[in-house]
Amino acid sequence: MNKPATAPQPLAGLRVVEFTHMVMGPTCGMMLADMGAEAIKIEPIDGDRTRRLLGAGAGFFPMFNRNKKSVAIDLRRPHGVEVARRLAASADIVAENFKPGTMGKYGLDYAALSQVNPRLIYVSHKGFLPGPYDHRTALDEVVQMMGGLAYMTGRPGDPLRAGTSVNDIMGGMFGAIGALGALIQRGITGRGMEVQSALFENNVFLMGQHMLQYAMTGKHPAPMPARDNPWAVYDVFTVKDGEQIFLCAVSDPQWLTFCDALGFDDLKADPALVTNNQRVERRPALLATLRERLKDRSAEELSALFERVGLPFAPIRKPEDLYDDPHLLATGGLADVRLPDGEKAGQSVKTTLFPITLEGERLGVRLDPPHLGEHTREVLGSIGYATSEIEALYGEGAVA
């Protein structure tokens, strides 16, 4: 379904052809599409398998494939490969995230396509940048384990993956950033280039602050749950009825406000708690005192109090709670999309938008996540296929 665009579309007029699946490559294509590019998703005849994932993967396809057109091609058939090459030759940007060597088998790698279209920008999303590891199969959780993120997230001795596909999503984002840089360079030189983004290197980039922490201090960074906290009041508190809330007071003025707001005059007057570093030195005892004093206060009461006095706080929420978040609802941070697959196919649900504004506008949903092959005829016609040729391709099963 086409929907009117109100926000600026700085990439309008550009064509992105993506040979992508799962999360990383589709994220890159979605970001370019959100900014106005015509994004054409090439799918196998039986569809991107994320359309059929269950459990934690159920939201992958509708989340990362909005604002795209779907063309289904059988690359095992010569005429299917020909269609794919003609489509790729028509693109400003080609994005892919298959194993090394896969695209080359079909003449869809950068070396082949750039011979036909020297202006092409080609974005490869891999597990690893070229090097000793590049033959390995990588997944988000694999690189979280080997790249230090799981170690830093879990408690000591219990490595734990982050609660979202952080490397896949950010890897796609860095691919899109590289594509934007290449577009600027193409405007100067007239030539495209290859951009590479990788899960492992993305994860290592995230670990840079901890690597530099070690380089600066000589001390091994402790996992975040066991870290040497630089602030005394910066923790989750269990309060009335078992609810939880994160409360903070990270400066000396905030500590005074904290004590005044909660009526802790004795703590405010304690000479051993005047400075942040003093409070950090006494953190275990101070937190025990605060937990005892706060256990009968409700999360709602504390939220209202902290908001009123300007202290940082956060209720502990689940993903589904965000559908009712008053800020997201008031600012247009959620938008309707039609589900293309599954038991709820055809129903509309809310999705999250690209987290920026352009000229004060959020980048919205112009195209719902597509049905498999929804735009095959339209797109093939745009690259010069006659109606009879398109029907012949359907007849032999080269496209769907």
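These questions and answers look at a predicted model, first as a whole chain and then at helix α15.

User: Happy to dig in! What should I know about the numbering and the atoms used?
Analyst: Residues count from 1 along each chain as its sequence is written, and side-chain values use heavy atoms, without hydrogens and water. In this predicted model, local features need pLDDT of at least 70 and side-chain atom pairs count only at pLDDT 80 or more, while totals for chains, interfaces and linings use all residues.

User: What share of the residues in the protein chain is buried?
Analyst: Buried means under 20% relative accessible area and exposed over 50%, with partly exposed in between, using a 1.4 Å probe and protein chains only. Of the 400 residues in the protein chain, the buried share is 44%.

User: Which residues of helix α15 are buried?
Analyst: Helices are DSSP runs of H or I with at least four residues, strands are E runs of at least two, and both are numbered from the N terminus. Helix α15 spans residues 299-309, and its buried residues are Ala299, Leu302, Ser303, Leu305 and Phe306.

User: Why do they lie on the same side of α15?
Analyst: An α-helix has 3.6 residues a turn, so residues three or four places apart point the same way. The arc is taken from the directions from the helix axis to the C-beta atoms. The buried residues of α15 sit on the same side because they cover an arc of only 170°.

User: Nice! Which exposed residues does the face turned away from the buried side carry?
Analyst: That face of α15 carries Glu300, Glu307 and Arg308.
The helix is then followed by Gly310, with a positive phi near 85°. To end on the names asked for, the exposed residues are Glu300, Glu307 and Arg308.
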